[in-house]
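Reader: I'd like to go through this one by asking what stands behind each label. Can we start with a single residue and work outwards?

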Amino acid sequence: MDKPPFDAKELTVGQLAARSGVAVTALHFYEGKGLIRSRRTPGNQRRFTRDTLRRVAFIRTAQRVGIPLRTIAEALRTLPDERTPTQEDWARLSAAWRDELDIRIDQMVRLRDRLADCIGCGCLSLERCLLRNRDDVLGDTGPGPRRLLTRRLAQETRNPPAGEEEREGEG
């Protein structure tokens, strides 16, 4: 793939893929989800503005820290004229995601620290196993792996905000 000139205002999908390190199929997927936009040439080829590189980097970084694409799309829609995020935008949006990330980090630490006994034996039948829930006694406290949920997440699961469905990745 030929490297586009530095001053090129538009990139082909192949050039965007090569420069961003993201597969062409992923770029098509992002476009289908409204995360990035292209224009079509008279020959029906996609052309992306050069600033789409930064937008793709934003998407990939957010995904890498565990933000769902739906949430990323919502965040990008808050930008004026759906422009490419700036450093200030990233700071604002990432601050809004911090609480959710803290919950996920807490869950992962709890999982790491409490799952070792079960992984050690592999049978999941130990009386002390944190995943075992004999006779579903924890079912009355709510859905999901109750012993692995953080207190905060367990509370949110019991009392979700009005109109909010259970979020991706939860219990």
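Author: Sure, and keep in mind that this is a predicted model. Let's begin with D89, which has a relative accessible area of 6%.

Reader: What makes D89 buried?

Author: The cut-off for buried is under 20% relative accessible area. D89 comes out at 6%, so D89 is buried. This residue is found in helix α5, and D89 touches L79, R83 and T84, leaving aside residues up to four places away in sequence.

Reader: And how do you know whether A57 is buried, exposed or partly exposed?

Author: Partly exposed is the range between buried, under 20%, and exposed, over 50%. A57 has 39% relative accessibility, so A57 counts as partly exposed. A57 is found in helix α3. Its C-alpha atom is separated by 9.3 Å from that of G21, and the two residues are 36 apart along the chain.

Reader: Why is α1 called oblique to α3?

Author: Their axes come within 10 Å and cross at roughly 50°. Under 35 degrees would be roughly parallel, and 65 to 115 roughly perpendicular. The angle fits neither range, so α1 is oblique to α3. The crossing of α1 past α3 is right-handed.

Reader: Which residues meet where α1 and α3 come together?

Author: From α1 there are L16, R19 and S20, and they meet T52, L53 and V56 in α3.

Reader: What makes up the largest nonpolar core?

Author: That core has 24 residues, and those with the most contacts inside it are L27, I36, I59, I72 and W97. At least two residues each come from α1 (13-20), α2 (24-32), α3 (52-64), α4 (69-77) and α5 (87-114). The largest share, five residues, is supplied by α3. As for I72, the residues it touches are L35, F58, I59, A62, Q63 and I67, not counting those up to four places away in sequence. In soluble globular proteins, nonpolar side chains tend to be buried together.

Reader: How do you know where the predictor is confident and where not?

Author: Among the elements of the chain, α2 has the highest mean pLDDT (95) and helix α7 (residues 151-158) the lowest (54). For the chain the mean is 77, with 69% of its residues at 70 or more. Over residues 163-171, pLDDT stays under 50, and the model has 10 contacts beyond four places in sequence for that stretch.

Reader: What should I make of such a stretch?

Author: Where pLDDT is low, the predicted coordinates should not be read in detail.

Technical notes. Residues are numbered from 1 along each chain as its sequence is written. This is a predicted model: local features need pLDDT of at least 70, side-chain atom pairs count only at pLDDT 80 or more; totals for chains, interfaces and linings use all residues. Side-chain values use heavy atoms; hydrogens and water are left out. A nonpolar core is a set of buried Ala, Val, Leu, Ile, Met, Phe, Trp, Tyr and Cys residues joined through side-chain atoms within 4.5 Å. Buried means under 20% relative accessible area, exposed over 50%, partly exposed in between (1.4 Å probe, protein chains only). Helices (H or I, at least four residues) and strands (E, at least two) are DSSP runs, numbered from the N terminus. Contact means heavy atoms within 4.5 Å. pLDDT is the predictor's confidence in each residue, from 0 to 100. Axes are lines fitted to C-alpha atoms, for helices over the stretch in contact, and angles run from 0 to 180 degrees between N-to-C directions. Angles under 35 degrees count as roughly parallel, over 145 as roughly antiparallel, 65 to 115 as roughly perpendicular and the rest as oblique. A crossing is left-handed if the near helix is turned anticlockwise from the far one by less than a right angle, and right-handed if clockwise.
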